[in-house]
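Reader: I would like a close look at a single part of this model, namely its charged side-chain pairs, followed by an account of the surroundings in which they should be read. Please go carefully, and keep apart what is computed and what is general background.

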Amino acid sequence: LDIMSALYNNRQCGSCFGTVKDDGPLKRCGGCKAIFYCDENCQAKNWPIHREHCACMKTARDLYNKRITENNMATVENANVTETS
């Protein structure tokens, strides 16, 4: 997982480790949104390796986002109770 953190933090392609493309920024994996790729070719080359991690990272991201949303809703609800009391 350390290499994945390095790829994400440095915005490197998960396949060829490139950092820049001629036609614009690297594109994120549509599933986990944690890994970047130069193009569809690099993504396809890396898919056998990334497949195992993609679902886990997507699940972790979704759970994190759900928790943040629930915490934000609780904060708003608590603020409303305080204001009306």
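Author: Two salt bridges are found in the structure, which is a predicted model. One of them joins K58 to D62, with 2.8 Å between the closest N and O atoms, and the other brings together the side chains of R61 and D62, at 3.3 Å from N to O. The pairs do not stand apart, since K58, R61 and D62 are linked in a network of salt bridges. As general background, side chains of opposite charge can pair when their charged atoms come close.

As to position, K58 and D62 both belong to helix α2, which covers residues 40-84, and they are four residues apart, about one turn of the helix. The members of the network can also be compared with the cut-offs for accessibility, by which buried means under 20% relative accessible area and exposed means over 50%. K58 is partly exposed, because its relative accessible area is 34%; D62, at 32%, counts as partly exposed, and R61, at 26%, counts as partly exposed too.

Helix α2 also takes part in the largest nonpolar core, which has 12 residues, among them L26, I35, F36, Y37 and M57. The elements giving two or more residues to this core are β2 and α2, and the largest share, three residues, comes from α2. In soluble globular proteins, nonpolar side chains tend to be buried together.

Cysteines are part of the picture as well, the core including C13, C29, C32, C38, C42 and C54, and yet the structure holds zero disulfides. For C29, the closest cysteine sulfur is that of C54, and the 3.7 Å between the two is too far for a bond, because a disulfide requires sulfur atoms within 2.5 Å. C38 is likewise in no disulfide, the nearest cysteine sulfur being that of C16, 3.6 Å away. Both of these cysteines are buried: C29 has a relative accessible area of 3%, while C38 counts as buried at 11%.

Two backbone details in the loops deserve a careful reading. F17, in the loop between α1 and β1 (27-28), has a phi near 65°, a positive value in a residue other than glycine, and its relative accessible area of 42% makes F17 partly exposed. K33, whose place is in the loop between β1 and β2, has a positive phi of about 60° although it is not a glycine; at 39% relative accessibility, K33 counts as partly exposed.

Finally, there is the matter of confidence. The protein averages a pLDDT of 80, and 73% of the residues score at least 70. Among the elements, strand β2 (residues 36-37) has the highest mean pLDDT, 92, whereas helix α1 (residues 2-10) has the lowest, 60. Where pLDDT is low, the predicted coordinates should not be read in detail. To return to the part you asked about, the network is made up of K58, R61 and D62, and the N to O distances in its salt bridges are 2.8 Å for K58 with D62 and 3.3 Å for R61 with D62.

How values were computed: Residues numbered from 1 in each chain as written. Heavy atoms only, no water. Buried < 20%, exposed > 50% of the residue type's maximum accessible area, 1.4 Å probe, protein only. pLDDT = per-residue confidence, 0-100. Salt bridge = Lys/Arg side-chain N within 4 Å of Asp/Glu carboxyl O. Core = buried A, V, L, I, M, F, W, Y, C linked by side-chain atoms within 4.5 Å.
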